[in-house]
Amino acid sequence: MTNIFPKNFLWGASTSSYQIEGGSSEDGKGKSIWDTFTHTPGKIKNNENGDITANHYHLYKQDISLMKKINLHTYRFSIAWTRIFPEGRGQINFKGVDFYSNLIDELLKNNIKPFITLYHWDLPQKLQDTGGWSNRDISKIFADYTELFAKKFSDRCAIISTFNEPSVFTIHGYTDGYMAPGIRDKEMYLASIHNVNLAHGLALQAIRSVSSKVNLGCVLNMQPSIPFSDEKNNIEASKIHDMYWNRAFANPMYLGKYPTKLESKLSKYIKNGDMQNIYQKNDYFGLNHYQHIRVKFDKNNLLGMRNAFFEEIPSNIRKDTEVTSMGWEIVPNAYYDQIMELKNLYGDPEIYLTENGCSYTDTINLEGKVLDDKRIEYFKKYISAVKKSIDDGAKVRGYFAWSLMDNFEWALGFEKRFGLIHIDFKSLKRTPKKSYYFYKKLIDLNAIPSKSF
Ligand code: GCO
């Protein structure tokens, strides 16, 4: 087997609107639940927020020229719903439409394919005020937003995803208060699962009513759920985690059916015709993955389980395990296993690996360089696992580093740096890291560079 990736394999990088744009109330943009959440004291580390963050809203041309310099094939970014519809529906904000039109045109001018995410967690606050994802009306409202987007942009955007990581924004948004909107309500959570699935299916139909040429799918985070220990309650907890974290969206969207146990919990929300509306043809499966998850029973958690912290892992395991600054284990075999599971359980789909990467406390040295060798080692291990999955028959069509640039890491603020490009959040100076040049070599070779940098 050669170490060269298939011809036309897409090398990309990912970001999201709230995490990099800034301009949180500029040019008619409406308030999102993350604008509300980050301005609620105590929710975010150091009470940081995304009002400015990397200021991509004003610096996007500079950022695109940095993409061009490494011959990036594709750039995955998300649309801030509140730039298009400040209140989620009704009045269109044409300055917001113009921003994304200019951004997309600049990408195309630089021969970079836009890979669009229509929802990466920044729900219009006005829609949250009427229940957000727990209110069934939102499914149609979301579909209407996606139809408008398709009318404006489907001639220039060949790949669109409805959502980013639905299990993350529903679990952390509606069960444990960790993310916006910070609600802890089991029934609202269960309703949101079904409404998001329905929104996905209605959106695919709405977009296809405008264009049949767009590649459509969803970006899902999937990670092997492993019991923290072989105690019965932890084994049971890992099964609950797998159901909500891995199957609650992948199964209805890609197999047309909820897991049996979940279907009975959702029965009051499932109306005639819903499952047929949800189960539309997906052109690809978007997979976000970083590590496996060790799951612990937790009677205080609404779902009866939680992710174990790295520090809780028994020392005999911990001593042989490398982690990133997020405390996430570096386990490339789990990545291979997850990709192969998609091939074997979800109909051997075309797969885009839409997020993978690592955080470290990157600093700029006296020569003005960021020597992030650990990130380069991470990419070598994980991208080798990708190549192995392709050699073993998985239809992987592209890989996106998370992230193009350092950004606002949700409840953790700015401390966790994932970027190929270092951002000074005070001066807004961009400094390409050593991994940025590694990534360029990877793209030019279409293979993992053998020699070290
Ligand atoms: C996610 C989100 C990204 C995160 C990244 C690091 O996967 O949680 O898509 O917004 O910033 O994954 O946590």
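Student: Which of the 13 residues around the ligand come nearest?

Tutor: Gln 19, Glu 165, Tyr 290, Glu 355 and Glu 409 come nearest. Keep in mind that this is a predicted model.

Student: What makes a residue count as near the ligand?

Tutor: One of its heavy atoms must lie within 4 Å. The shell around the ligand has 13 residues. By class, six are nonpolar, four polar and three charged.

Student: Why is the pair between the ligand and Glu 165 called a polar contact?

Tutor: An oxygen atom of the ligand is 2.4 Å from an N or O atom in the Glu 165 side chain. The cut-off for such a pair is 3.5 Å. The value of 2.4 Å lies within that cut-off, so the pair is a polar contact.

Student: How do you know that His 120 and Asn 164 make polar contacts with the ligand?

Tutor: Use the 3.5 Å cut-off again. For the side chain of His 120, the distance from an N or O atom to a ligand oxygen is 3.1 Å. For the side chain of Asn 164, the corresponding distance is 3.0 Å. Both values are within 3.5 Å, so both pairs are polar contacts.

Student: How much of the ligand does the protein bury?

Tutor: The protein buries 94% of the 320 Å² that the ligand exposes when taken alone.

Student: Where does the ligand sit?

Tutor: The ligand sits in the largest pocket. That statement means that more than half of its atoms lie within 2 Å of the pocket's grid points.

Student: What space lies in the largest pocket, and which residues lie nearest its centre?

Tutor: The space is about 1200 Å³. The lining has 50 residues, and His 172, Tyr 178, Trp 245, Asn 307 and Trp 328 lie nearest the centre. Helix H8 (166–174), helix H10 (232–247), strand E8 (293–297) and strand E9 (305–307) each give two or more residues to this lining. By class, the lining has 22 nonpolar, 17 polar and 11 charged residues.

Student: What volume has the second largest pocket, and which element gives the most to its lining?

Tutor: The volume is about 170 Å³. H10 gives the most, with seven residues. Helix H12 (260–266) also supplies at least two. The lining has 13 residues, with Lys 239, Ile 240, Met 243, Lys 261 and Lys 265 nearest the centre. By class, five are nonpolar, one is polar and seven are charged.

Student: What makes a space a cavity and not a pocket?

Tutor: In a cavity, a 1.4 Å probe fits but cannot get out, whereas a pocket is open. The count here is three cavities of 30 Å³ or more.

Student: How do you know that the largest cavity belongs in that count?

Tutor: About 60 Å³ of space lies in the largest cavity. The count takes cavities of 30 Å³ or more. The largest cavity meets that limit. Ser 17, Tyr 18, Glu 21 and Asp 122 are among its lining residues. By class, that lining has two nonpolar, four polar and four charged residues.

Student: What volume has the second largest cavity, and which elements give two or more residues to its lining?

Tutor: The volume is about 50 Å³. The elements are H8, strand E5 (215–221) and H10. H10 gives the most, with three residues. The lining residues include Pro 166, Leu 220, Trp 245 and Phe 249. By class, the lining has seven nonpolar, three polar and one charged residues.

Student: Which omega goes with the cis peptide bond from Ala 180 to Pro 181?

Tutor: Omega is near 5 degrees. Pro 181 is in the loop between H8 and helix H9 (186–208).

Student: What is omega for the cis peptide bond that joins Trp 402 and Ser 403?

Tutor: Omega is about 15 degrees. Ser 403 is in the loop between strand E11 (395–402) and strand E12 (421–423).

Student: What phi has Asn 47, which is not a glycine?

Tutor: Phi of Asn 47 is positive, about 50 degrees. Asn 47 is in the loop between helix H2 (33–38) and helix H3 (56–69).

Definitions and conventions. Residues are numbered from 1 along each chain as its sequence is written. This is a predicted model: local features need pLDDT of at least 70, side-chain atom pairs count only at pLDDT 80 or more; totals for chains, interfaces and linings use all residues. Side-chain values use heavy atoms; hydrogens and water are left out. A polar contact is a pair of N or O atoms within 3.5 Å; within protein, one must be able to donate a hydrogen and the other to accept it, and residues adjacent in sequence count only if both atoms are side-chain atoms. Accessible areas come from the Shrake-Rupley method with a 1.4 Å probe; for residues, only the protein chains shown count as cover. On a 1 Å grid over the protein atoms alone, a cavity is a set of points where a 1.4 Å probe fits but cannot get out, and a pocket is an open set with protein on both sides within 12 Å along at least five of seven lines; lining residues have an atom within 4 Å of a point. Ala, Val, Leu, Ile, Met, Phe, Trp, Tyr, Cys and Pro count as nonpolar, Asp, Glu, Lys and Arg as charged, and the others, Gly among them, as polar. Grid points are joined across faces, edges and corners, and a volume is the space filled by probe spheres set on the points. Helices (H or I, at least four residues) and strands (E, at least two) are DSSP runs, numbered from the N terminus.
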